[in-house]
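I opened my notebook to go through one structure, topic by topic. I wrote down each thing I looked up.

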Amino acid sequence: MNLLLSTLLGLSILFTCIHAEVHYHEFVIEATPVKRLCKTHMRITVNGMYPGPTLEARNGDTMIIKAINHSPYNATLHWHGIRQTRTAWADGPEFVTQCPIRPGQSYTYRFTIEGQEGTLWWHAHSSWLRATVHGALIIYPKLGTSYPFPKPQRELPVLLGEWWKRDPISVLRQAQRTGAPPNISDAFTINGQPGDFFKCSSQETTVFPVSTGETAMLRVINAAMNNELFLSVAGHTMTVVAADAAYTKPFTTPFLLLGPGQTTDVLISAPVHYPIGSRFYIAAHAYSAAPGIPFDNTTTTAIIEYSHPAAASPFGTNANVDASSVGAVAPATDVNIEASTTATTATTATTSPPIPSISATIATTNRQIPSTITTTSVANPPVPLTTAPTATTNPSIPTSTAPASSPSTENNHDDPNENPASNIQSNKCAVPSNGNNNNNNGNGGNHNVLPPPLLPPLPAFNDTGAAAFFSAGIKSPGPVELPGPVTERLFFTVGLGLYFCPPSIRCGGPNNTIFAASMNNVSFVLPQTFSLLQAHHFKIPGVFTADFPPYPPIQFDYTGNNISRSLQSPVKATKLLQLKFGSVVEIVLQGTNIFAGEEHPMHLHGHEFYVLATGPGNFDPRWDVSKFNLVDPPLRNTIGVPARGWAVIRFVANNPGVWLMHCHIDAHLGVGLAMAFITENGFGELETIEPPPADLPVC
């Protein structure tokens, strides 16, 4: 019997190895002319594409991506949500797991996808490069397996982004120079395009072709820099089936809410058979619950358009993406990085069965634009519409009124100090471009003769009830085996703060202050001479201290309205918290109202965690523990800590390395809203971090 079991196990491992692929890619980080909002600017991209290439793989595959930095900035790449088991050197955050890739240098990221399926993404993790350096990372089930829900006929990546008329690096540098919060963006985007409500944009609005009667899966990614976003689709029902590359209990909802860094897979279907030529808006705008804080109040749109049925690929998606299409989200091509030296001479390096190619086709015609945008507290599920929808309210959900907000006037014109080459007028409307703007939009007709798309209602900008409703709907598909017993109980405050301005200097924060952020009153400072992982691995002294406080140094009314000014200024330091391998860690993440009670999407590198509960106010174990979901809590890598509220997460520290935990709002990360864990090696090779690669960048 033992021999039989050993044989079966060996055959299983052999089958897995035979069907796993190794994918080779070259990512060239470079400045590229990109036209948005009527002007062409030089922006940093990967392989000349914005958004960047879509990576596609299967559970169990290995990725080898050579990053070549031809930009004028230091750069790193992060594979958001990938566990990086024993491969922390490939995780990517600058000065945490590696020194940056200097201009003219390269670094090869190597990692294996283990036990993960769904939608993740990759992005730059240096400065504000991720504003334009990002793309989808799609992980399909292993061969011979499928989704735990009916397979959709079509799969479409939907990347939500954020666009500044000014160079994002100059926006960041101005904030660093003055101490003020960064200027807000000028537009949100869907697959790189702002949509029909912006000047010089309607001809390139992203169009997703679908066929009558089919179910499509939208793989939605919030790649925006500083904003949580509501999203809805007119005329369709939406059923959430996965979040952060973890399957969920199917959850029907009229809208989605995603914090920066989060992903959601949603099935959309029409309640009736729409005729060919029917068009519906996908619309998204900000969720901002902090009163008095400026935010981008614009709405981005894309279009779902019903076209003739197309032949299905092995996974139900249709035609391949034309890499030269305006705004297309194109799949990356496997290349042999040993033999290839440029991104444009890609050659196939693997020969196993093909992965479905995700499509997003772009229309190039003018639109008729509805005159108003409807917002509502929580919309009823979409129904077939004949005109632009009006606001409806679900009485079971609390309602609130959207605050008045307008984009910064400074962002309505270009920075005079920007490189003159970035303001070149051009007829090219996107990158990459081969000069041919005749894109296949999938319907074979002229969009000018079609009626305007129908617009969905969206929750109000500050609708905390809608946010709580959506978050409560995300659960694991069934009962889970929670890790336990808990061996490390931690309590982290997360929030904003202020430093007093030095004498005789004028600062840009409120009342002549400097914008700050912290966790447990420690404002995180990155080292500059070695990465934290190098310092830990090689036992280099003086780079960090391992004394991050497990509890707030001072307890106070965290969400109160009159917090003492003595608590406003955090301590700047590089403090880490050490964990033994195998520790079961439970963390209360407590939002504060020291400066403003904003929601903070907290991301943990190298791990996934169960979200046991979220709630308003100050966490109190006397009654809040009873609210824990210990049956089917969702598995996430990024969780929104509610404004003036709390969240509780639990995970196992079973991945050796140094792992960043931070707010994924880059305006907050840049001023210190982060910390890092050291997870010690366990016993044996499989519980020990791999040696550093030979080409690891030096500081």
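**Entry 1: the largest pocket**

How much space lies in the largest pocket? I noted that this is a predicted model. Then I looked up the volume: the largest pocket holds about 1,100 Å³ of space. Its lining counts 43 residues. Closest to the pocket centre are Leu 172, Gln 176, Leu 669, Gly 670 and Val 671.

Next I listed the elements that give two or more residues to this lining. Two are helices: H2 (168–178) and H6 (666–669). The others are strands: E7 (118–124), E23 (513–519), E24 (522–524) and E33 (657–663). Which element gives the most to the lining? It is H2, with 7 residues.

**Entry 2: the cavity**

I turned to closed spaces. The count comes to 1 cavity of 30 Å³ or more. About 50 Å³ of space lies in the largest cavity. I wrote down its lining: Val 210, Ser 211, Glu 214, Ala 216, His 236, Ile 268 and Tyr 306.

**Entry 3: the whole chain**

I stepped back to the chain. It has 699 residues, and 60% of them count as buried. I found 6 helices and 34 strands. The chain exposes about 26,500 Å². Carbon and sulfur atoms supply 56% of that area.

I also checked contacts with a separation of 6 or more. Residues 24 or more positions apart account for 81% of them.

**Entry 4: the cores**

Nonpolar side chains tend to be buried together in soluble globular proteins. I looked for such groups here. The largest nonpolar core has 52 residues. Leu 77 and Trp 79 have the most contacts inside this core. A second, separate core has 48 residues, including Val 207, Val 210, Val 233 and Ala 234. I had met Val 210 already, in the lining of the largest cavity.

What does Leu 77 touch, leaving out residues up to four places away in sequence? Its partners include the aromatic residues Phe 27, Tyr 109 and Trp 122. Ile 29, Ala 67, Ala 90, Ala 124 and Val 133 are also among them. So are Asp 91, Gly 92 and His 123.

**Entry 5: Thr 206**

I looked up Thr 206 in the loop between strand E10 (187–190) and strand E11 (207–211). Is Thr 206 buried or exposed? Thr 206 counts as buried because its relative accessibility is 0%, and the cut-off for buried is under 20%. Its side chain reaches the backbone oxygen of Ile 190 at 2.9 Å.

**Entry 6: cis peptide bonds**

I noted a cis peptide bond between Tyr 50 and Pro 51, with omega about -5°. Pro 51 is placed in the loop between strand E2 (39–46) and strand E3 (55–58). The peptide bond from Gly 484 to Pro 485 is cis too, with omega near 0°. Pro 485 lies in the loop between helix H3 (464–473) and strand E22 (488–500).

**Entry 7: positive phi**

I then looked at phi in residues other than glycine. Gln 84 has a positive phi, near 60°. I found Gln 84 in the loop between strand E5 (77–80) and strand E6 (106–112). Gln 84 is buried, with a relative accessible area of 1%.

Ser 127 also has a positive phi, about 50°. Its place is in the loop between E7 and strand E8 (134–140). Ser 127 counts as partly exposed, at 41% relative accessibility.

Conventions
Residues numbered from 1 in each chain as written. Predicted model: local features only at pLDDT ≥ 70, side-chain atom pairs only at ≥ 80, totals over all residues. Heavy atoms only, no water. Core = buried A, V, L, I, M, F, W, Y, C linked by side-chain atoms within 4.5 Å. Buried < 20%, exposed > 50% of the residue type's maximum accessible area, 1.4 Å probe, protein only. Contact = heavy atoms within 4.5 Å. Helix = DSSP H or I, 4+ residues; strand = E, 2+ residues; numbered from the N terminus. Areas by Shrake-Rupley, 256 points an atom, 1.4 Å probe, with all protein chains shown as cover. Polar contact = N/O pair within 3.5 Å; in protein donor to acceptor, adjacent residues only side chain to side chain. 1 Å grid on protein atoms, 1.4 Å probe; cavity = no way out; pocket = protein on both sides within 12 Å on 5 of 7 lines; lining within 4 Å. Points joined across faces, edges and corners; volume = space filled by probe spheres on them.
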